[in-house]
Amino acid sequence: MNHPLMKYLREDWLPTVLCPGCGDGTVLQCMLHAVENVNIDIRKVTIVAGIGCHARLGTGHIAADSMWALHGRALSIATGIKLVNPNLHVIVLTGDGDCGSIGLSHFVHAARRNIGILTLCFNNSIYGMTGGQVAPTTPQGTATKTTPHGNLEYALDLCSLAETAGAPYVARWTTAHPKQLTKSIEKALQRKGFSFIEAITQCPTYLGRYTLRTTRASDILRWFLRNSFSIEQARKSDPEELAGKIIVGEFVDAPKPELAEQYQLQLKKLGRQPKRLSPE
Amino acid sequence: MPEVGGIFIQMEDEIASVTSVIGASWAGAKAMTATSGPGFSLMQEGIGLAVMTETPCVIVDVQRLGPCQGLATLPMQGDVMQARWGSHGDSRSNIVLAPASPQEIFNLTIEAFNLAERFRTPVIVLSDEIVAHMRERVIIPPVESLRIETRKKPDISAEAFRFHKLAGHCVTPMPALGDGYRLNIVGHLRTEEGGVNISPQDAPQIAFKLLTHLSEKITAGQWEARKIRTLFAEESKTMVVSYGSTSRTVESAVKEARRAGMKVGCARLVTLWPFPDEQLQTILEDVDNVIVVEMNLGQIVDKVREIVGRDTHVTHVPKVGDLHTTEELLGCIKKLVA
């Protein structure tokens, strides 16, 4: 019997390149469940990914149109796509290095513009694909391959950045919260504006081995659960209590007019229809 | 843009500009961006993606003095080689056109879009600070009278669709995202089906085929679009070669030299890349002296040296930050012709 989500995958391209115990597969599964649950035509989905483990998983393996692009540039490519064809469901799969480091300005500006892109960030807190180097999202004090004595820098909070930039939907979950993550993706898929969902995912090969001293995915998932603090709890807590915790939940849920649609309305007001090469 | 049903967006930087253009092109639009030297440097990453994914797009680069910040208000023709080789990894599919007047900026931008569609490749309109700031009469003909290349869409099933064919310099029709072809557009080495899981044993051979395909699809055959404009070429033993704004002074110097009875002509390269080797070779066949005039320290001169005969003498007249004067060029012509 086939896996119920196999219809969304290119079976002939399996297996993936991911390490055993990687959390990226969980995030992908949540995403595909969400696509199924809100009944979106996969042929009208365009996936754009940058560079990283998530990108190897997300582009070639999903049976949607996909673009596996440059490191950090997925959001700017997706902006061009969405503006030209607002009817497409554009999903950007990005990593913490992709979106929080090299592509940071595109991330901030996509959120600011409120362009209708669902941005799903696979955050493993490290550069996993290139060998476990320290990333802007690596927690302070963490030992990595390139910071064996502990990371001296402070980690970037991608969700608060998205919130500051004006994203109308922002949520964070971990791979130990698959139900909640799926619900958030479902919600974002039904929204018109920019949504940012951060999925904290385990990298047993690098973060597990160096930081948590375990390569077992289940140990890391338990650690995620122990360390997670809901945003509701967090708002009532002292900052000291929250140190080193993963705050999860919906941070922003405040829809506002979306850019590509607003552009179409402006064109209509001028009595113009956008020139596209392909008919609807 | 909205007035003509188009879409304009001010992106956050040049990397975002060129990559959003690539996204727009794959969504089915004809798309372009414009920049000057420093921005063009930033765009190289995206241009490489456009080359690798065979994305039609147009990039206008208004060259200015460099390297680095240089001086924004001083002209230079310093990006000729960057326009050709800018992206890493032996990327050589860019078509580069050099306008010499406002009218030609208009004409060549249309031509650039046509070539981009025909060859599925980035086309660069390599302008410069002088041409870009020039005020001259521009005739905009009725749209119906213009030749416009429309994008060819595949007429085969999604199953039979191949991302590209690596044989016969074939430029495959390009579907848009959402057309139902399950596209996998990658900047990665790929098979004809678009797959990226390639064994290390097969990779070098596939890479050679892919890179050859990307290069030869634009150089195969003598396409009529490689353009050179000549003046007094038939009866001249001395020829001045130039392009872009520089050629305007060259033309007036040559006309003046002619009035003084000197047998000199000039050739202006409109297509810079792929280099119009054979056309220029024919023009310079029986010429004794070639003068190459460029507003840089020498970018096209070596290419000219490559194609002329052993007995032809090549003189290079470099200058940066300003046009050559007619007097400077006349002096140079006189020395050689007299």
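Which residues line the largest cavity? In this predicted model, the lining draws on both chains: W13(A), V17(A), A55(A), R56(A), T59(A), G60(A), H61(A) and W68(A) come from chain A, and N184(B), V196(B) and N197(B) come from chain B.

The largest cavity holds about 70 Å³ of space. The count of cavities of 30 Å³ or more comes to three. By class, the lining of the largest cavity has five nonpolar residues, five polar residues and one charged residue.

One of the lining residues, W68(A), also belongs to strand β2 of chain A, which spans residues 65–68. Both faces of β2(A) are covered. D65(A) and M67(A) are buried on one side, and S66(A) and W68(A) are buried on the other.

Strand β2(A) pairs with a strand of its own chain, β1(A), and with a strand of chain B, β5(B). The two pairings are set out below.

| Strand paired with β2(A) | Residues | Bridges | Direction |
|---|---|---|---|
| β1(A) | 45–49 | four | parallel |
| β5(B) | 184–186 | three | parallel |

In the pairing within chain A, T46(A) of β1(A) stands opposite D65(A) in β2(A). Between these two strands the chain passes through helix α2 of chain A, residues 53–58, and this β-α-β crossover is right-handed. A55(A) and R56(A), which fall within residues 53–58 of that helix, are among the residues lining the largest cavity.

In the pairing between chains, W68(A) stands opposite V186(B) in β5(B). N184(B), within residues 184–186 of β5(B), is another residue in the lining of the largest cavity.

Key:
Residues are numbered from 1 along each chain as its sequence is written. Chains are lettered from A and ligands numbered from 1 in the order in which they are written. This is a predicted model: local features need pLDDT of at least 70, side-chain atom pairs count only at pLDDT 80 or more; totals for chains, interfaces and linings use all residues. Side-chain values use heavy atoms; hydrogens and water are left out. On a 1 Å grid over the protein atoms alone, a cavity is a set of points where a 1.4 Å probe fits but cannot get out, and a pocket is an open set with protein on both sides within 12 Å along at least five of seven lines; lining residues have an atom within 4 Å of a point. Grid points are joined across faces, edges and corners, and a volume is the space filled by probe spheres set on the points. Ala, Val, Leu, Ile, Met, Phe, Trp, Tyr, Cys and Pro count as nonpolar, Asp, Glu, Lys and Arg as charged, and the others, Gly among them, as polar. Buried means under 20% relative accessible area, exposed over 50%, partly exposed in between (1.4 Å probe, protein chains only). Two strands pair if DSSP finds at least two bridges between them. A crossover is right-handed if, with the strands pointing away from the viewer, the path from the first strand over the helix to the second runs clockwise.
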